[in-house]
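New to this structure? Take a look at it first, and then we can walk through it piece by piece.

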Amino acid sequence: MNIALFGYGKMGKMIEQIALKRNHTIVAKVDVDTTEINYSEIDVAIDFSMPNAAYGNIKNCLEHNIPVISGTTGWLQDYQNAVDLCKEKNGAFIYASNFSLGVNLFFELNSYLAKMMAPLKQYNVSMEEIHHTQKLDAPSGTAITLAEGVINETDYTNWKLDEAGEQEIPITAKRIADTPGTHTVSYDSEVDGIEIKHTAHNREGFALGAVIAAEWIVGKSGVFTMKDVLNLS
Ligand SMILES: NC(=O)c1ccc[n+]([C@@H]2O[C@H](COP(=O)([O-])OP(=O)(O)OC[C@H]3O[C@@H](n4cnc5c(N)ncnc54)[C@H](O)[C@@H]3O)[C@@H](O)[C@H]2O)c1
Ligand SMILES: O=C(O)C1=N[C@H](C(=O)O)CCC1
């Protein structure tokens, strides 16, 4: 498969390594200073760029009928525009806040636990995410997906960074050097606490998931999620 990388930073470079091992060809490494892109040779695009760049990259690819995998976080104010454009062009598009298999299992576990906790009003939920110090957005996209998972199953209506009001899920974002991504969901009552936690040891899991999603999407049309790719529930 001919893959174009949009964003050739930490993730772009890791995806390149995994893609080459799986016998794909990297036909473009598009970064902030790229002036020309030959769309005709691209089978699929993988965007891990920056919050202010992601939607532009996705739009250009969809307009050139290129299926797009997007892992960039912090651009979701434009997500619905990307969905609408994908449908209009009969294209193919996946956004995931986290492409790792482990985190996608963790999302399922989070929803299952939230469903069990929903009637137990003595417990309050909170979340913590820890990432490296170069991360631009907070809370992480993964933490937002986890919060949405709880909101879907409970009376919580929203999430908030740090101090949260009633019916809001408080999310704490910490930045510590060299931390690829750690997420904890906690339920606390006066008498005990329950925690579930996912720790990424490196970026390989994110990159492998993105390449698997790219392999899966070629030849399809529609807006998909990692649930579709991994055949989860
Ligand atoms: N979904 C996931 O599984 C997952 C995993 C890790 C990181 N991420 C997200 O992916 C994004 C990238 O992460 P990273 O660690 O590689 O960041 P990074 O800062 O190392 O790399 C981002 C790259 O994008 C480039 N860029 C800036 N503007 C661009 C443009 N217009 N077009 C193309 N490239 C452009 C930057 O120059 C940089 O090289 C972040 O939003 C991060 O939150 C998602
Ligand atoms: O390194 C990052 O930045 C990460 N971003 C994603 C997020 O915001 O959830 C996934 C984990 C790593």
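Let's begin with one small detail: P139 sits in the loop between β6 and α5. The peptide bond that leads into P139 from A138 is cis, with omega near -5 degrees. As a rule, most peptide bonds are trans. Keep in mind as you read on that this is a predicted model.

That loop has another residue to look at. H132 is also placed between β6 (124-131) and α5 (141-153). Is H132 buried or exposed? With a relative accessibility of 11%, H132 counts as buried, because the cut-off for that is under 20%. Setting aside neighbours within four places in sequence, H132 makes contact with K10, R175, I176, D178, T179 and R203.

Now zoom out. The domain assignment splits the protein chain into domain 1 (2-99 + 204-229) and domain 2 (101-199). Measure from C-alpha centre to C-alpha centre and you get 26 Å between domain 1 and domain 2. As for how they meet, 12 residues of domain 1 are in contact with 14 residues of domain 2.

Next come the pockets. Here are the two biggest, side by side.

| Pocket | Volume | Lining by class |
|---|---|---|
| Largest pocket | About 910 Å³ | 18 nonpolar, 21 polar and five charged residues |
| Second largest pocket | About 630 Å³ | nine nonpolar, 12 polar and four charged residues |

Start with the largest pocket, at about 910 Å³. Its lining is made of 44 residues, and the closest to its centre are M11, F48, S49, M50 and T72. Three elements give two or more residues to that lining: α1 (10-21), α2 (54-63) and α5. Where does the largest pocket lie with respect to the domains? Domain 1 and domain 2 both give residues to its lining, so the largest pocket lies between them.

The second largest pocket is lined by 25 residues, with S97, F107, T145, E148 and T225 nearest its centre. At least two lining residues come from each of α4 (101-117), α5 and α7 (226-230). Which element gives the most? That would be α5, with six residues. The second largest pocket lies between the domains, because domain 1 and domain 2 both give residues to its lining.

One residue worth a stop here is N98, in the loop between β5 and α4. N98 counts as buried, because its relative accessibility is 7%. Leaving out residues up to four places away in sequence, N98 touches V103, N104, F107, T142, F206 and M226. F107 may ring a bell: F107 is one of the residues nearest the centre of the second largest pocket. Along the chain, N98 and A118 are 20 residues apart, and their C-alpha atoms are separated by 25 Å.

Time for some rings. The structure holds seven aromatic pairs. One of them joins F48 and F99: the ring centres are 5.9 Å apart and the planes sit at 50 degrees, so this pair is tilted. F48 is in the loop between β3 (44-47) and α2, and F99 is in the loop between β5 (92-95) and α4, so the pair ties together parts that are 51 residues apart in sequence. F48 counts as buried because its relative accessibility is 12%, and F99 is buried too, at 2%.

Then there's the pair of W75 and Y95, with ring centres 5.7 Å apart and planes at 85 degrees, so this one is edge-to-face. W75 lies in the loop between β4 (68-70) and α3 (79-89) while Y95 is in strand β5, so the pair ties together parts that are 20 residues apart in sequence. W75 is buried at 0% relative accessibility, and Y95 counts as buried at 11%. Ring pairs also link W75, Y79, F93 and Y95 into a cluster.

Finally, a couple of backbone oddities. Most residues other than glycine have a negative phi. N90, in the loop between α3 and β5, has a positive phi near 55 degrees. N90 counts as exposed, because its relative accessibility is 59%. N231 is not a glycine either, and its phi is positive as well, at about 60 degrees. Look for N231 in the segment after α7, where N231 is exposed with a relative accessible area of 71%.

How values were computed: Residues are numbered from 1 along each chain as its sequence is written. Chains are lettered from A and ligands numbered from 1 in the order in which they are written. This is a predicted model: local features need pLDDT of at least 70, side-chain atom pairs count only at pLDDT 80 or more; totals for chains, interfaces and linings use all residues. Side-chain values use heavy atoms; hydrogens and water are left out. Helices (H or I, at least four residues) and strands (E, at least two) are DSSP runs, numbered from the N terminus. Buried means under 20% relative accessible area, exposed over 50%, partly exposed in between (1.4 Å probe, protein chains only). Contact means heavy atoms within 4.5 Å. On a 1 Å grid over the protein atoms alone, a cavity is a set of points where a 1.4 Å probe fits but cannot get out, and a pocket is an open set with protein on both sides within 12 Å along at least five of seven lines; lining residues have an atom within 4 Å of a point. Grid points are joined across faces, edges and corners, and a volume is the space filled by probe spheres set on the points. Ala, Val, Leu, Ile, Met, Phe, Trp, Tyr, Cys and Pro count as nonpolar, Asp, Glu, Lys and Arg as charged, and the others, Gly among them, as polar. Domain bounds come from an automatic or database domain assignment. Rings of Phe, Tyr and Trp (its six-membered ring) pair if their centres lie within 6.5 Å; planes under 30 degrees apart count as stacked, over 60 as edge-to-face and the rest as tilted.
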